[in-house]
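Got the model open in your viewer? Keep a selection box handy and follow along, stop by stop.

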Amino acid sequence: MAFPKKKLRGLVAATLTPMTENGEINFPVIGQYVDYLVKEQGVKNIFVNGTTGEGLSLSISERRQVAAEWVTQGRNKLDQVVIHVGALSVKESQELAQHAAEIGADGIAVIAPFFFKSQSKDALISFLREVAAAAPALPFYYYHIPSLTGVKIRAEELLDGIREKIPSFQGLKFSDTDLLDFGQCVDQNQQRQFALLFGVDEQLLSGLIMGANGAFCIQRFINHVIKLGFGVSQTKAIMTLVSGIPMGPPRLPLQKATQEFTAKAEAKLKSLDFLPFPGLREGNVGACS
């Protein structure tokens, strides 16, 4: 299997999907987004079409287009582009996995199906194995986010013996606050054969102390605004303020960030000297009253 010599580690940006005010994907700004991550933030690994990217609010066609645009724009600039290909249908996940391989992505990730849920470790691995087999040359990652999927199978339980079932398995994105579970994953990973990527930004320092070798982060200042109420909508507003790139509103059923949130976030960012574009105001960031 032609896996990258360099393991996925360090900061991995969970990318937003830029949208226009009428909810269409704003493809032309993705190249600008790549340059911002690389030149301004020093981040060269990305996770596309995940929770932050509203992947499950996009059509299969849109997910393919977004993945292809990131790979194209990131060529010779980004180190690794991991595409989230999880879906409720194993066939759709397989289609997205095959497409990721065809466009030259560097890895794929999958969440647990969350309508008809796997009731056991073996059932979940069976689903993951079918998706991984659709792109056997790509590194495969499990995206563990039980707060959204409702699947409570512990990550450390899943790791036990998984490579015997899924040879392309390379690690997991751990997006859960259960640090005991994460610590047990680290304990299982003494030989460092897996990438353990920590996805709960507000607990990142704890995760690194426990042995995480990577993080999926949105921006380094996230802990300064988490108390205001934080989600994809708010992330889009903040990212627009900080980067100057119009991220637009989220797609329904999510609602735009409020004017109040945007004003408070902007004031905090200014106080931290994290706002290099002082001319931007809430009218530009997709906020609403």
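What follows is a walk from the whole chain down to single residues and pairs.

**Before you click**

This is a predicted model, so a pLDDT of at least 70 is asked of local features and 80 or more of side-chain atom pairs, while totals for chains, interfaces and linings use all residues. Numbering starts from 1 along each chain as its sequence is written, and side-chain values use heavy atoms, with hydrogens and water left out.

**The whole chain**

Start with the cartoon view: the protein chain has 11 helices and eight strands. These are DSSP runs numbered from the N terminus, with helices being H or I over at least four residues and strands being E over at least two. Now colour by accessibility, where buried means under 20% relative accessible area, exposed means over 50%, and partly exposed is in between (1.4 Å probe, protein chains only). Of the 289 residues in the protein chain, 54% are buried. Turn on the surface and you have about 12,800 Å² exposed, 52% of it supplied by carbon and sulfur atoms. That area comes from the Shrake-Rupley method with a 1.4 Å probe, and for residues only the protein chains shown count as cover.

If you like contact maps, use heavy atoms within 4.5 Å as the contact rule. Among contacts between residues at least 6 apart in sequence, 73% join residues at least 24 apart.

**Stop one: a nonpolar patch**

Select Leu88, Phe115 and Phe116, which make a nonpolar surface patch of about 420 Å². The patch rule takes residues with over 30% relative accessible area and no salt bridge, joining like charges within 9 Å and nonpolar side chains (Val, Leu, Ile, Met, Phe, Trp, Tyr) within 5 Å. Zoom in on Phe115, in the loop between β4 (107–111) and α4 (121–133). Its relative accessible area is 62%, so Phe115 counts as exposed.

**Stop two: α3 against α4**

Two packed helices are described by the angle between their axes and the distance between the axes. Select helix α3 (residues 90–103) together with α4: they pack at about 35 degrees, with axes 8 Å apart. The axes are lines fitted to C-alpha atoms, for helices over the stretch in contact, and angles run from 0 to 180 degrees between N-to-C directions. Show side chains here, and you'll find Val90, Ser93, Gln94 and Ala97 of α3 meeting Phe127, Glu130 and Val131 of α4.

**Stop three: Ile153**

Next, go to the loop between α5 (146–149) and α6 (155–159), where Ile153 sits. Is Ile153 buried or exposed? Its relative accessible area is 10%, so Ile153 is buried. Leaving aside residues up to four places away in sequence, Ile153 touches Ser118, Ser120, Lys121, Leu124 and His144. Try a distance label to Ala112 as well: 41 residues separate Ile153 and Ala112 in sequence, but C-alpha to C-alpha they are 9.6 Å apart.

**Stop four: backbone oddities**

Check omega from Leu252 to Pro253: that peptide bond is cis, with omega near 15 degrees. You'll find Pro253 in the loop between α10 (232–243) and α11 (259–271).

Then pull up phi for Asn49, a residue that is not a glycine yet has a positive value of about 70 degrees. Asn49 lies in the loop between β2 (45–48) and α2 (60–74), and its relative accessibility of 1% makes it buried. Asn76 also has a positive phi, near 70 degrees, and is a residue other than glycine. Look for Asn76 in the loop between α2 and β3 (80–84); at 81% relative accessibility, Asn76 is exposed.

**Last stop: salt bridges**

The rule here is a side-chain nitrogen of Lys or Arg within 4 Å of a carboxyl oxygen of Asp or Glu. How many salt bridges does that give? The count comes to eight.

Select Glu54 and Lys236, whose side chains meet in a salt bridge at 2.8 Å, N to O. This pair links distant parts of the chain, 182 residues apart: Glu54 is in the loop between β2 and α2, and Lys236 is in helix α10. Both Glu54 and Lys236 are buried.

Finish on helix α11, which holds both Lys270 and Glu266, four residues apart, about one turn of the helix. They form a salt bridge with the closest N and O atoms 3.9 Å apart. Lys270 is partly exposed at 42% relative accessibility, whereas Glu266 is buried at 6%.
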